[in-house]
2 protein chains.
Amino acid sequence: MTYCLSLLCKQGAVFLSDSRTSAGMDNITIHPKMRLYSSPGERVICLMTSGNLSLTQTVAALIDEDSGRAVKEPGFPHLLNQPTMYETARYVGLKIRQVESLDRNALERDRYSFDINILVGGQVIGSPPEIFRVYPQGNTMHADHDSPFLQIGEFKYGKPILDRGFTYGTPLAEAVKFGVLSLEATMKSNVSVGTPFDIFCYEKDTFEVKYRSRLEEGDPYMRTVRKKWQDGLSKLVAQMPCLVFQGVETQPGQRME
Amino acid sequence: MTYCLSLLCKQGAVFLSDSRTSAGMDNITIHPKMRLYSSPGERVICLMTSGNLSLTQTVAALIDEDSGRAVKEPGFPHLLNQPTMYETARYVGLKIRQVESLDRNALERDRYSFDINILVGGQVIGSPPEIFRVYPQGNTMHADHDSPFLQIGEFKYGKPILDRGFTYGTPLAEAVKFGVLSLEATMKSNVSVGTPFDIFCYEKDTFEVKYRSRLEEGDPYMRTVRKKWQDGLSKLVAQMPCLVFQGVETQPGQRME
């Protein structure tokens with residue numbers, strides 16, 4: 001299973017992904033799902049993928065082929081010469097459609113679904129940072145100020161913490177914490193999502209890959225966050241008032257015996 | 001959509017359900033999903049249902065028919081004369097199989113799935129409290145000390161809070177809080193799960209329905225819990241340490257300009 005998350009903030013954008021891939025519970029391997037591309041000073045693009053590993057790798061291969069070809073044929077369309085983030089996301093959608101024409105029939109003949117979703121985000125000079133989701137059909141949608149995050153894969157366990165507190169105005173370093181907590185919650189509730197976690201924090205208008213990290217299972221930061229979060233939540237639950245049941249003066253479990 | 005949750009504790013068991021039923025986003029109505037049955041001093045049984053409303057109502061009707069018949073024919077098998085909680089859950093499974101033979105073919109002919117799940121819990125004199133899940137096939141499974149809760153319906157959003165802190169040893173009044181927070185998280189992340197919430201807290205060896213409540217949307221308890229929880233979580237996130245990115249001395253978003 002996969003969980004990838006991108007958070008859009010006033011100060012930039014944060015990208016997080018797990019790196020566990022499973023073909024059944026007895027076949028779990030580690031593959032990075034985050035890919036970073038940049039033309040320093042001009043653009044930074046982050047891709048995160050979920051779905052059939054063969055399909056996501058094929059999209060990446062097609063992107064790399066185009067980049068190689070553009071070296072010899074200046075102006076050939078590739079990931080890093082699109083005029084906007086929107087066009088960049090549509091370009092990724094075109095690559096998905098190429099893979100679709102290559103593999104979909106063969107997959108569906110054996111009852112595998114054509115399953116691929118990609119988060120594309122970053123900044124192209126002249127526009128603010130943006131994040132997009134590209135669907136298996138190649139069409140796109142983007143986050144905005146009111147709905148400032150996008151998730152693909154196993155998204156439900158990690159959504160409540162974001163719904164509670166993350167907004168477009170959240171400072172960038174705080175957004176990283178929300179992202180880590182969202183991944184940690186998902187890992188706790190679904191064993192097939194797991195470390196290492198890849199994290200990239202992009203600061204608006206820097207046009208460089210500066211804040212990047214990989215958190216392994218035993219990482220002291222992860223251990224500290226997990227412990228503080230667990231202890232803090234337990235205390236917080238204890239601080240909630242007790243429900244007073246209608247027509248009953250006692251609390252359950254408080255009988256004198 | 002539906003979310004029903006039952007929590008098994010040393011001191012008893014807690015049952016919670018939402019009451020929103022949807023046949024498409026333009027057709028959301030309120031139906032209770034919790035049903036309580038008791039023979040005071042001898043047994044208390046709580047049923048909570050998810051799936052196709054017609055199917056769950058038909059199961060309830062068959063249960064009521066059996067109870068009616070047992071009044072005239074003493075010893076006729078019904079919900080409240082099974083020797084154990086296990087037999088009670090299997091009895092409910094038999095009712096599901098009866099509905100299956102009534103309706104499954106007609107539903108599947110029009111591509112509706114035979115979708116029904118039931119949580120059955122409570123206590124029968126002579127045994128400790130137990131909670132069971134009954135599947136659409138009529139078979140059952142029960143919670144135990146290591147996995148002390150069962151969920152049906154839209155379960156993922158409300159699972160992280162339980163995974164963090166709820167255990168078999170959690171006091172009964174605290175278990176109610178965990179349950180309310182789990183429902184609240186689900187409601188926050190999925191609009192099709194909503195108030196009123198039905199709550200029943202069963203205290204071990206009482207064999208009576210004593211702690212029972214219905215929380216409506218504007219309920220002051222819900223409002224207080226929501227506010228305290230939201231504020232507390234925000235503070236807790238702020239208290240987490242910042243991630244120190246490898247090879248970088250600054251924090252994202254902290255540049256001096």
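This report covers the contact between chain A and chain B and the aromatic pairs of a predicted model.

## The interface

Chain B and chain A each put 58 residues into the contact. Together they bury about 5,600 Å². Carbon and sulfur atoms give 63% of that area.

Four salt bridges are counted between chain B and chain A. One of them pairs the side chains of B:R164 and A:E184, at 2.8 Å from N to O. Polar contacts across the interface come to 28 residue pairs.

## The chain B side

Five elements are listed here. α3 (159-165), α4 (172-189), β11 (197-203), β12 (211-215) and α5 (220-239) of chain B each give two or more residues to the side that touches chain A. The largest share, 13 residues, comes from α5(B). By class, this side of chain B has 28 nonpolar, 13 polar and 17 charged residues.

## Aromatic pairs

Over all chains, the structure holds 12 aromatic pairs. In one, the ring centres of A:F166 and A:F178 are 6.1 Å apart; their planes stand at 65°, so the pair is edge-to-face. A:F166 sits in the loop between α3 and α4 of chain A, and A:F178 in helix α4, so the pair ties together parts 12 residues apart in sequence. Both A:F166 and A:F178 are buried.

A:F245 and B:Y211 also pair edge-to-face, because their planes are at 65°, with centres 5.5 Å apart. A:F245 lies in the segment after α5 of chain A and B:Y211 in strand β12 of chain B, so this pair joins two chains. A:F245 is buried at 2% relative accessible area, and B:Y211 is buried at 1%.

Ring pairs also link A:F15, A:F200 and A:Y202 into a cluster.

Note on methods
Residues numbered from 1 in each chain as written. Chains lettered and ligands numbered in written order. Predicted model: local features only at pLDDT ≥ 70, side-chain atom pairs only at ≥ 80, totals over all residues. Heavy atoms only, no water. Contact = heavy atoms within 4.5 Å. Buried area = accessible area lost by both parts, 1.4 Å probe. Polar contact = N/O pair within 3.5 Å; in protein donor to acceptor, adjacent residues only side chain to side chain. Helix = DSSP H or I, 4+ residues; strand = E, 2+ residues; numbered from the N terminus. Nonpolar A, V, L, I, M, F, W, Y, C, P; charged D, E, K, R; others polar. Phe/Tyr/Trp six-rings, centres within 6.5 Å; stacked < 30°, edge-to-face > 60°. Buried < 20%, exposed > 50% of the residue type's maximum accessible area, 1.4 Å probe, protein only.
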